[in-house]
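Work through the exercises below with the model open. Each task is followed by a solution in steps.

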Amino acid sequence: MIPLLDWGKFTTDRAGFLAELGQAVRGPGFFLLENHTVPEALRARIFEMADAFFSQPIAEKRALSILNTPHYRGWAAEGDESLDDSSAMVDRKESFNIGFDLTPDDPRVLRGEPFRGVNVWPQIDGFRETALAYFDAALALGVDIHRAFAADMGLEAEHFTPAFKDPLAALRLLHYPPGSGAQNEIGAGAHTDYGAITLLMTDGEAGLQVKPRGGDWTDVPHVPGAYVVNIGDCLMRWTNDIYVSTPHRVLPPKRKRRSVAFFVEAHPDTVVAALPGTGEPKYPPVRAADYLQSRLDATYAPKAAP
């Protein structure tokens with residue numbers, strides 16, 4: 001149900017690749033992508049940095065709490081987030097969040113623009129450099145994939161590219177502890193992603209499931225080195241529901257589970273409106289920043305105990 005696509009075919013067999021891509025984004029809304037451009041050594045290094053961070057004492061992590069900044073940067077502890085906004089369950093995971101990197105004297109930071117804050121960094125050798133290198137490599141791949149989307153939609157190759165300059169994109173390092181067996185426990189609640197696409201790299205530990213339209217929860221297979229790519233809500237709106245943003249969740253794993261998620265989001269001022277040639281718009285136009293804020297407000301809203 002989750003197809004495996006070879007990114008190299010976009011160059012060597014464009015028509016064949018686009019046929020496979022078109023089926024994936026209109027069907028399950030998920031696909032695996034191998035033979036991509038993010039180096040293996042960099043992928044290994046970002047997992048090493050994640051392990052180093054999450055193994056720190058809670059007091060050191062809490063000093064970088066995401067709750068201390070309005071810009072969603074830093075550490076989210078177990079229970080800080082609830083991705084399923086229809087449920088009282090909170091996610092049993094912790095994460096570390098990195099956004100588009102700006103300096104404290106950047107005019108956008110000084111003006112207090114939403115999502116235009118500075119990153120916070122742990123005192124771990126190589127952490128900042130590795131995270132920013134990974135951010136740049138994943139963003140470049142995400143923009144390239146949008147060139148394939150443009151071709152699939154019959155648009156000019158660079159149609160989407162300007163939208164991803166100085167983006168809202170976010171890098172999240174994720175750690176799920178082993179399941180405790182408690183009733184109603186969840187690693188990450190059922191949700192759809194907020195932005196354009198997500199590029200997810202996992203350590204192979206099972207837990208991620210998708211729920212295709214009209215189907216049952218289905219395990220996402222692991223292919224070493226391949227990204228799990230899924231369509232987010234903003235791209236579904238952009239394509240006027242031609243592409244599908246599919247609900248997914250993470251079950252409590254048997255062993256600890258680690259993953260690295262890169263959320264490809266547009267520039268804050270990008271107006272997400274139905275693409276030309278997609279018919280009568282199903283959604284009103286919305287600024288990317290406004291839509292993201294509405295979704296994050298639900299994620300971090302306090303929840304009553306189940």
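**Exercise 1.** Find how strand S7 pairs with strand S12, and in which sense.

Solution. In this predicted model, S7 covers residues 197-202 and S12 covers residues 257-264. The two strands pair in the antiparallel sense, over six bridges. To place one of these pairs, start at Ile197: the bridge partner in S12 is Val264.

**Exercise 2.** Which residue of S10 is the bridge partner of Ile197?

Solution. Strand S10 spans residues 227-231 and pairs with S7 over four bridges, again in the antiparallel sense. Within S10, Ile197 has Ile231 as bridge partner.

**Exercise 3.** Decide whether the residues on the two faces of S7 are buried or exposed.

Solution. Apply the cut-off: buried means under 20% relative accessible area. On one side, Ile197, Leu199 and Met201 are buried. On the other side, Thr198, Leu200 and Thr202 are buried too. The count for the strand is therefore six buried residues of six.

**Exercise 4.** Describe the largest cavity: its volume, its lining and the strand that gives the largest share.

Solution. The volume is about 620 Å³. The lining has 44 residues, and Asn97, Ala170, Arg172, Tyr194 and Phe263 are the closest to the centre. By class, the lining divides into 25 nonpolar, eleven polar and eight charged residues. Elements that each supply at least two lining residues include S7, S10, S12 and helix H8. The largest share, five residues, comes from S5.

**Exercise 5.** What lines the second largest cavity?

Solution. This cavity has a volume of about 40 Å³. Its lining consists of Gly195, Ala196, Cys234, Glu265, Ala266, Val272 and Ala288. Sorted by class, five are nonpolar, one is polar and one is charged.

Terms used:
Residues numbered from 1 in each chain as written. Predicted model: local features only at pLDDT ≥ 70, side-chain atom pairs only at ≥ 80, totals over all residues. Heavy atoms only, no water. Buried < 20%, exposed > 50% of the residue type's maximum accessible area, 1.4 Å probe, protein only. Pairing = 2+ DSSP bridges. 1 Å grid on protein atoms, 1.4 Å probe; cavity = no way out; pocket = protein on both sides within 12 Å on 5 of 7 lines; lining within 4 Å. Points joined across faces, edges and corners; volume = space filled by probe spheres on them. Nonpolar A, V, L, I, M, F, W, Y, C, P; charged D, E, K, R; others polar.
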